[in-house]
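Student: I'd like to learn how to read a few features off a model. Could we go through them one at a time?

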Amino acid sequence: MGKRKALLFPQTARKLQTVGEQIKLARLRRHFTAEDIAQKAHVGRTTVVQIEKGSPSVSMGMYLAVLNALGLQDDILLLAKDDELGRTIQDLEIKTPRRVKNKQ
């Protein structure tokens, strides 16, 4: 059985490519080679290259390992942090409690 490939819409694929470019720029600013990061992250150099290209076939765990090697591991916590749509939906579903009439 072959590997399943993630099906991404073009806009989503571009966002993943942007993430890869940002990771590559972070590596270059730190003057690390792809091999340096691969060794620190315990992944292959080709995995680092695929991450920097924004490949959807690389697992999130690998992305996190590379971020960790760059000292950017806490950046993963920013994903979906401000879920405006989710909060709006949640707020719309909150029902206000009804008052119970006092029996006298």
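Tutor: Sure, and keep in mind that this is a predicted model. Let's begin with the lining of the largest pocket, where the largest share, six residues, comes from α1.

Student: Which helices each supply at least two residues of that lining?

Tutor: Those are α1 (10-29) and α4 (60-69). The pocket holds about 490 Å³ of space. Its lining has 17 residues, and the closest to the centre are Val19, Tyr63, Leu67, Ile76 and Leu79.

Student: How do the lining residues divide into nonpolar, polar and charged?

Tutor: There are 13 nonpolar residues, with two polar and two charged.

Student: Let's take Tyr63, then. Is Tyr63 buried or exposed?

Tutor: The general idea is a cut-off: buried means under 20% relative accessible area. Tyr63 has 9%, so this residue counts as buried. Tyr63 sits in helix α4, and if you skip residues up to four places away in sequence, its contacts are Leu16, Val19, Ile23, Gln50, Ile51, Gly54, Ser55 and Val58. Touching is not the whole story of distance, though: Tyr63 and Lys15 are 48 residues apart along the chain, with 14 Å between their C-alpha atoms.

Student: Ser55 turned up among those contacts. Where is the place of Ser55?

Tutor: Ser55 is in the loop between α3 (45-53) and α4. Its relative accessibility is 10%, so Ser55 is buried too. Beyond residues up to four places away, Ser55 touches Leu16, Gln50 and Tyr63. There's also a polar contact, side chain to side chain, between Ser55 and Ser57 at 2.8 Å.

Student: Now for the core. Which residues in the largest nonpolar core touch the most other members?

Tutor: Of its 16 residues, they are Ile23, Ile37, Val43, Val48, Ile51, Val66 and Leu70. At least two core residues come from each of α1, α2 (34-41), α3 and α4. Take Ile23: leaving out residues up to four places away in sequence, Ile23 touches Ile51, Glu52, Tyr63, Val66, Leu67 and Leu70.

Student: What about a charged side chain, say Arg27? Is Arg27 buried or exposed?

Tutor: Use the accessibility again: Arg27 has 9%, so it counts as buried. Arg27 lies in helix α1, and its contacts, with residues up to four places away not counted, are Phe32, Thr33, Ala34, Ile37, Glu52 and Leu70.

Student: And which residues is Met62 in contact with?

Tutor: Leaving aside neighbours within four places, Met62 is in contact with Val43, Thr47 and Ile51. Met62 is in helix α4 and has a relative accessible area of 33%, so it is partly exposed. Between Met62 and Thr33 the C-alpha distance is 17 Å, with their positions 29 residues apart in sequence.

Student: Last one: why look out for positive phi values?

Tutor: Because most residues other than glycine have a negative phi. Here, His31 has a positive phi, near 60°, and Ala80 also has a positive phi, near 60°.

Student: Where are His31 and Ala80 found?

Tutor: His31 is in the loop between α1 and α2, while Ala80 lies in the loop between α4 and α5 (84-93). For accessibility, the cut-off to know is that exposed means over 50%. His31 has 70%, so His31 is exposed. Ala80 has 69%, so Ala80 is exposed as well.

Terms used. Residues numbered from 1 in each chain as written. Predicted model: local features only at pLDDT ≥ 70, side-chain atom pairs only at ≥ 80, totals over all residues. Heavy atoms only, no water. 1 Å grid on protein atoms, 1.4 Å probe; cavity = no way out; pocket = protein on both sides within 12 Å on 5 of 7 lines; lining within 4 Å. Points joined across faces, edges and corners; volume = space filled by probe spheres on them. Helix = DSSP H or I, 4+ residues; strand = E, 2+ residues; numbered from the N terminus. Nonpolar A, V, L, I, M, F, W, Y, C, P; charged D, E, K, R; others polar. Buried < 20%, exposed > 50% of the residue type's maximum accessible area, 1.4 Å probe, protein only. Polar contact = N/O pair within 3.5 Å; in protein donor to acceptor, adjacent residues only side chain to side chain. Contact = heavy atoms within 4.5 Å. Core = buried A, V, L, I, M, F, W, Y, C linked by side-chain atoms within 4.5 Å.
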